[in-house]
Protein chains: 2
Amino acid sequence: MIVGGEPMRPLRPAAEGDALWVIDQRALPHRLQWQRLATPAAVDRAIREMWVRGAPLIGAVAAYGLALQMRLEPSDAALEATAAMLRRARPTAVNLAWALDRLRARLQASRPSHRAALAWAEAGAIAEDDVAANAAIGRHGLPLLQAIAARRPGPVRVLTHCNAGWLATVDWGTATAPLYLAHAAGLPLQVWVDETRPRNQGASLTAWELAQAGLPHTLIADNAGGHLMQRGQVDLVIVGCDRVTARGDVCNKIGTYLKALAAHDCGVPFYVAMPLSTLDLGVRDGLAEIPIEERSGRELTHVGGRNAQGEVVEVQIAPDGTPAANPAFDVTPARLVSGLITEHGLVAADEASLASLAARAARADR
Amino acid sequence: MIVGGEPMRPLRPAAEGDALWVIDQRALPHRLQWQRLATPAAVDRAIREMWVRGAPLIGAVAAYGLALQMRLEPSDAALEATAAMLRRARPTAVNLAWALDRLRARLQASRPSHRAALAWAEAGAIAEDDVAANAAIGRHGLPLLQAIAARRPGPVRVLTHCNAGWLATVDWGTATAPLYLAHAAGLPLQVWVDETRPRNQGASLTAWELAQAGLPHTLIADNAGGHLMQRGQVDLVIVGCDRVTARGDVCNKIGTYLKALAAHDCGVPFYVAMPLSTLDLGVRDGLAEIPIEERSGRELTHVGGRNAQGEVVEVQIAPDGTPAANPAFDVTPARLVSGLITEHGLVAADEASLASLAARAARADR
């Protein structure tokens, strides 16, 4: 996407192939700060501590991490150990495992001496495939917005949760891709941005992205979405996802389930933008089978932001010693999902449709 | 309730009858700071700017505001003008109008020269009636908790939203009254405290209250409640309310509706603690008829807290110029409410039950 007139992605492979530059998303929206990651350990830390986040992005970044290992030491043992380390960096999004598995399979089939160059190229291919998938999600989601615009005057009002924008992917975003295409096509939009506690990815990342693109948006508390839907102020919900099961249960940022319930109760369509890399046919029951990351309670008791002096600092909002629980994701049952917007088109959130989608995608790959 | 070994209420009438002291709740949990309010204008400001908040508390404080006016100037004109001003301080909670109407009716029937003393005494009676109502709500809610404790070992896990604790009332709280009674009776409890964005009344007030009482609690993001209910980690939801309609629709802090939906979806009982002063038989359809206060977007874009130097400051979390919408309340339809816990006992959230409750209460008053 374009930031300050320049094309930008959240990751930039060094031309020398010896490092990956990433936007340190912890500093946004206050500073656009790049970090150079030159070792698998640095990549592991950047994923774990959420310098980079978003299911598709952490997949691509992890692939570069494994590629950096191949440059340092391309043995089978190093390949397996590094892939295992990176896979553990975060537990919920399946894209991390998906990207590492894809790269690992290519590398296992090649001689160690060839692995460094091959891995770098394949990490690049994983990144470009993500860009293409998201652009296709945009094209397939666009008609949903156009249909609403055709029904009545005024902007199409879309609610989104967390950040499933270009910062969460290699480019375009998943949930935002249809929005960016619609905006470019001149369709009037109004985006409700859930602030997305406790890490405020909506307030700090999605609001920043949409402002850069000149896309009209309004920040709301996570608590407000149901109220807006009750009052007929939301035409459509589009969210991203971290893992979708074989039967269509959607694991996404904590709070997504509550918005899906409200959408269902208010008759508002609830769509999930899902690149195929986020589909995990190995699990069926999302609630029972997807591991939910539990993060530090400090994310709740303390909030980071910019003070009056322009410094980025943390303030404590809860009493000293307050215990806090911080599950980072929840699971929205398939029954609450109106449809999945994939790079292969709209798909129903049910077992048969997803199996057929996977089969079609496998044929297209051959 | 007891704070640091001392009995405490959020308001304290001056012995001289010339002022009302209130806890400035904006400073909690970082400082326990009292403010002296000596004029109706000061009371109006304290309600408007949420130095005091909580439906029952603002009713009692407004009554003292009108009483202070009677000391300054007890004419009919001053009575009407001050009552009208205070009534407009906040639009959603009906207790404000209820308390002013009760006091105004008494004063209208008396000679101006008698009004100052009468008003002060009646404001005190309104406050004491609130304490008694909340204690009764506690007694009527307690069996709900005891029944869960009797069914299985371990603590009874209650989720609450916002602050419907003693800080929101004159004493005991509404939603918390059963919890404090249960805790005193030795029933093991675990309270999930929604942080309650954007003003964080859960994180700053409810967590503080429960900690003072030694009542086990865990702070969570507003986004997390649905997830916990899905996983069977919530036995019961109890919230307060700002206005309940004749047919049982419940207006309460923004986000309550989302929790009610999740409770309904997960089979978790959803109770509302309602003193009769919060029932508004003059409205039926909560969604159509209750005015919802829209507060400043700054409550979303900026967060107050304590910095590393121990100073209470504000930090900005969203990009400069981010538009924000901030509805402060939402309406939970009666169909999602398991029951209302009132000072007269448990009542179903439906028109017939509420009419019968009101009739019973009117007979008891006679």
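This is a short walk through a predicted model with chains A and B, from the pairing of the chains down to a few backbone details.

Okay, let's start with how the two copies sit together. If you take chain B and turn it by 180 degrees, with a shift of 0.0 Å along the axis, you can lay it on chain A with an RMSD of 0.0 Å. So the two copies are related as by a two-fold rotation axis. If you want to find that axis on the screen, go to B:Leu258: in chain B, its C-alpha is the nearest to the axis, at 2.9 Å.

Now, the contact itself. How many residues does each chain put in? Chain B gives 63 residues, and chain A gives 63 residues. And 100% of the interface residues of chain B are also interface residues in chain A, so the copies meet through the same surface. The area buried between the two chains comes to about 4,800 Å², and carbon and sulfur atoms give 60% of that. Which three residues of chain B supply more of its buried area than any other three? They're B:Asn223, B:Leu258 and B:Ile317, and they supply 15% of what chain B buries against chain A. Notice B:Leu258 in that trio; that's our residue by the axis again, with its C-alpha 2.9 Å away.

Next, let's go inside one chain. The domain assignment splits chain A into domain 1, residues 2-129, and domain 2, residues 136-365. Their C-alpha centres lie 24 Å apart. In terms of contact, 32 residues of domain 1 of chain A touch 33 residues of domain 2 of chain A. Between them these domains bury about 2,600 Å², with 60% of it on carbon and sulfur atoms. On the domain 1 side, A:His30, A:Arg53 and A:Thr92 lose the most area to domain 2, together 23% of what that side buries.

That brings me to the pocket. Where does the largest pocket lie? Both domain 1 and domain 2 of chain A give residues to its lining, so it lies between them. The space in there is about 680 Å³. It has 29 lining residues, and the closest to the centre are A:Arg26, A:Arg199, A:Val303, A:Gly304 and A:Glu314. As for elements, the ones giving two or more residues to the lining are helix 7 (201-212), helix 11 (298-301), strand 14 (302-306) and strand 15 (312-316) of chain A. Strand 14 gives the most, with four residues. By class, we're looking at ten nonpolar, nine polar and ten charged residues in that lining.

Last bit: the backbone. As a reminder, most residues other than glycine have a negative phi, and most peptide bonds are trans. With that in mind, have a look at the loop between strand 7 (189-194) and helix 7 of chain A, where A:Pro198 sits. The peptide bond joining A:Arg197 and A:Pro198 is cis, with omega about 5 degrees. A:Thr196 is in that loop too, between strand 7 and helix 7, and its phi is positive, near 70 degrees, in a residue other than glycine. And helix 7, at the end of this loop, is one of the elements we met in the pocket lining.

One more cis bond, this time over in chain B: from B:Leu28 to B:Pro29, with omega near 5 degrees. You'll find B:Pro29 in the loop between strand 4 (20-23) and strand 5 (34-37) of chain B.

That's my tour, thanks.

Technical notes:
Residues are numbered from 1 along each chain as its sequence is written. Chains are lettered from A and ligands numbered from 1 in the order in which they are written. This is a predicted model: local features need pLDDT of at least 70, side-chain atom pairs count only at pLDDT 80 or more; totals for chains, interfaces and linings use all residues. Side-chain values use heavy atoms; hydrogens and water are left out. On a 1 Å grid over the protein atoms alone, a cavity is a set of points where a 1.4 Å probe fits but cannot get out, and a pocket is an open set with protein on both sides within 12 Å along at least five of seven lines; lining residues have an atom within 4 Å of a point. Grid points are joined across faces, edges and corners, and a volume is the space filled by probe spheres set on the points. Ala, Val, Leu, Ile, Met, Phe, Trp, Tyr, Cys and Pro count as nonpolar, Asp, Glu, Lys and Arg as charged, and the others, Gly among them, as polar. Domain bounds come from an automatic or database domain assignment. Copies are superposed by least squares on the C-alpha atoms of residues with pLDDT of at least 70 in both. Contact means heavy atoms within 4.5 Å. Buried area is the accessible area (1.4 Å probe) that two parts lose on being put together, summed over both.
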